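Let's take a walk through a protein model together. Keep the 3D view open and click along as you read.

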Amino acid sequence: MRRCHAILTTVAVALFAAVANAQTADLTISKTAAESALAGETIDYSIFVINSGPSTAQTVTVTDTLPFGTTFVSLTNPSGIFSCSAPSVGATGTVTCTAPSLTDQQESSFTISVKTSPIAPSGSISNTATISSATTDPVTSNNSSTATTGIAAITAASADLSLDSMVGSSNVAAGATMSFQLAISNKGPSTGHHVQLADAVPANTSFLSVSVSDPLAVFTCTTPAVGTGGTITCSAPDFDPRSSSDQPAFLFTFRVNNGVPAGTVLTNAATLSADEGDPVASNNSLSRTATVTTQPASADVSVTTTGGGSTFSVLASNSGPNDAALVTLTDTIPSGSTFLDWTQTRGPHFQCNTPAAGGTGSIVCTIAILPGVEGKTITAAFELTLNSSAQVTNNVTISSSTADPRSDNNSSSFPVAAALTIDDVSTVEGNSGSKPAVFTVRLQPANAVLTATVDYVVAGVTASDGLDFSATRGTLTFLPGQTQKTITVPILGDTLQEDDELYSVQLSNAVNASIGRGTGLGTIVDDDHGGPPVPDATIDNITVTEGNSGTTNATFTTRLSFPSAALSRVRWQTQNGSALAGSDYITASGEVTFQPGETVKTFSVAIIGDVVFEPDELFNVVITGADNATFSSTPVTCTILNDDAQVPPRHRSVRP
């Protein structure tokens, strides 16, 4: 009986083993990635796995060895079914993910990101992932998957960092302070990384303060302790090429040591650097000197207020030539309103005391040093908010312990009843020399006690500065009681047959006055009509090969239909087509001058080379105006021929 029981047990074990051995699990893996990438970019590999059954797969392993020339960035495993190990960020190696089991029809996915070498050559990178388990797989052909990405090499990055300007006072007294304002830019073509502006505290001075004006807020500064020497270092992790309105500026203030002899020359020097190569090293440094003098310092401090109703803007400024010490700004809460809020929005920091919300009284703001430099205005801006339902007048004053060469701009009231207007002027051109076009600016009514000022600038509309008129800019000052001032614009005569041309005189930045009519239109009346026939100006279509780096000149030919006895001018500018300015070519405009008898002239536009395969592209050039010539406004084209090989196509893995 025992023997029979043993035999039955043996048979049962054998049958169970046979059933277990009969279990199979068809595991499938598929991998996809971007078809192409630039050297130095990150490639994301998407991996999908599934058990198509019919049985549960035991001890499942997914393996992915990172391709040669790449380093590990990250691994995403959203399902949590697998436990994964990966190399350290920036290292090479293998990603391995395991799961105790994967049931019939169960699936999972991963994303593995790798970074390619920035110096990788053009070609392709292939990456293979595999899956396996302890359970028999009846179809092994789908246990691995490969994704291939074409790589386009890039040229070495370069960033033309420029220390554009350094302004400061030329003279300073021993024991006084001096300030320098620095402006920098990145002229491209690449982003600068780990950018540093270094400025050593000048000999015979000590550090006092630093102020950064950066619209994008990427620059920060480390400084020596106040009263010591050393180096100011202002840095940013990256610094892109920016528009002119977004460029950063830095204001450094130093105190001249007591007892420094008159005649001593103080030198402030700064340098700018980044990780990238700089194609123009000559603009990476600047210096400026100031001479110690026995003359007392002077500083033109001023204040303006604008706005109305319940909100006013107040500007406190120092136009130099020296720093202003112990500056006090006072704004008395207007009658018929109460205080709500006062905020400084930019500029050197003032310490302000204000009335309580809902109260009256005066706002008093002070600063120990308001920097000032020759030829540059340093400004602090404030916003005043009142509780008021009626129009009120805001009165502000500013003072300093430093001598002020102008006292007429130390107070301001707004709104004021006086308004500024400018007339239009028409002037016959003449055949030679110049004649004055006189614009009249009126202030009505006259200010009884306040001095009013307004800036003006002359600019071309269809007329050209230097050819048709001489541009000018300046400031008009209306003393108390004055109501009329003039602006004179020289009109340049010639004998060219041309249309009547226009220019403008624009008023701005009015102080103690509002601007009623702020633009005066000037007309230059041509007096050369009825002369001999004029030629027709044209530009030829052209084709140019792109190139792989740097720039290549696309040279256009401009023609006159016949030689003229008089000088002719043809103005042109570029326009985007399928080619884009900044990436395919450098936007440009200009003027071609034909001397009497000449009929052919050329000009060039820079084409930007690259190694990216792309279709042929084109941009346009259009004639925008001409003197002593007729023209068509129909654009001509420049076709940029691609000379780069296409990146090999990616192998596509198909998920079952």
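Below we look at disulfides, then at some strands, and finally at a pocket.

A quick word on the ground rules: this is a predicted model, where local features need pLDDT of at least 70, side-chain atom pairs count only at pLDDT 80 or more, and totals for chains, interfaces and linings use all residues. Residues are numbered from 1 along each chain as its sequence is written, and side-chain values use heavy atoms, with hydrogens and water left out.

**The disulfides**

How many disulfides does the model have? A disulfide here is a pair of cysteine sulfur atoms within 2.5 Å, and by that rule the count comes to 3. Here they are, side by side.

| Pair | S to S distance | Citation |
|---|---|---|
| C84 and C97 | 2.0 Å | disulfide |
| C221 and C234 | 2.0 Å | disulfide |
| C352 and C365 | 2.1 Å | disulfide |

If you number the bonded cysteines in sequence order, the pairing reads 1-2, 3-4, 5-6.

Strands come up a lot from here on, so here's what the word covers: helices (H or I, at least four residues) and strands (E, at least two) are DSSP runs, numbered from the N terminus.

Start with C84 and C97. The torsion about their S-S bond is about 115°, so this disulfide is right-handed. C84 sits in strand β6 (residues 83-85) and C97 in strand β7 (residues 94-102), so the pair ties together parts that are 13 residues apart in sequence. Are these two cysteines buried or exposed? The scale goes like this: buried means under 20% relative accessible area, exposed means over 50%, and partly exposed is in between (1.4 Å probe, protein chains only). C84 is partly exposed, at 32%, whereas C97 is buried, at 3%.

Next come C221 and C234. With 105° about the S-S bond, their link is right-handed. C221 lies in strand β16 (residues 220-222) and C234 in strand β17 (residues 231-239), so this pair ties together parts 13 residues apart in sequence. C221 has 24% relative accessibility and counts as partly exposed, while C234, at 0%, counts as buried.

That leaves C352 and C365. Their link is right-handed, with 115° about the S-S bond. C352 is in strand β25 (residues 351-353) and C365 in strand β26 (residues 362-370), 13 residues apart, and the pair links distant parts of the chain. C352 is partly exposed, with a relative accessible area of 23%; C365 is buried, with 0%.

Another cysteine to click on is C638, which is buried, with a relative accessible area of 0%.

**Strands side by side**

Two strands pair if DSSP finds at least two bridges between them. In one open sheet, 4 strands line up in the order β1-β3-β8-β5, with antiparallel pairing. Which strands are at the edges? They are β1 (25-32) and β5 (70-76), and each pairs on one side only. From one strand to the next, the twist averages 25°; the axes behind such angles are lines fitted to C-alpha atoms (for helices over the stretch in contact), and angles run from 0 to 180 degrees between N-to-C directions.

Zoom in on β5: β5 and strand β8 (residues 107-116) pair in the antiparallel sense over 6 bridges. To find your place there, look for T70, which stands opposite T116 in β8.

Now jump to strand β28 (residues 394-399). One face of β28, made of N394, V396 and I398, is covered, and the other, made of N395, T397 and S399, is uncovered. Strand β23 (residues 324-332) pairs with β28 in the antiparallel sense over 5 bridges, and D331 stands opposite V396 in β28. β28 is also joined by 4 bridges to strand β29 (residues 411-414), and these two run antiparallel. There, N394 has F414 of β29 as its bridge partner.

**A pocket to explore**What lines the second largest pocket? It has 22 lining residues, and S302, T304, D455, N509 and V511 lie nearest its centre. A pocket, on a 1 Å grid over the protein atoms alone, is an open set of points where a 1.4 Å probe fits, with protein on both sides within 12 Å along at least five of seven lines; lining residues have an atom within 4 Å of a point.

The volume of the second largest pocket is about 570 Å³, meaning the space filled by probe spheres set on the grid points. The elements that give two or more residues to its lining are β21 (299-308), β22 (311-321), β33 (452-460) and β36 (501-511). β21 gives the most, with 5 residues.

By class, the lining of this pocket has 4 nonpolar, 14 polar and 4 charged residues. In this scheme Ala, Val, Leu, Ile, Met, Phe, Trp, Tyr, Cys and Pro count as nonpolar, Asp, Glu, Lys and Arg as charged, and the others, Gly among them, as polar.
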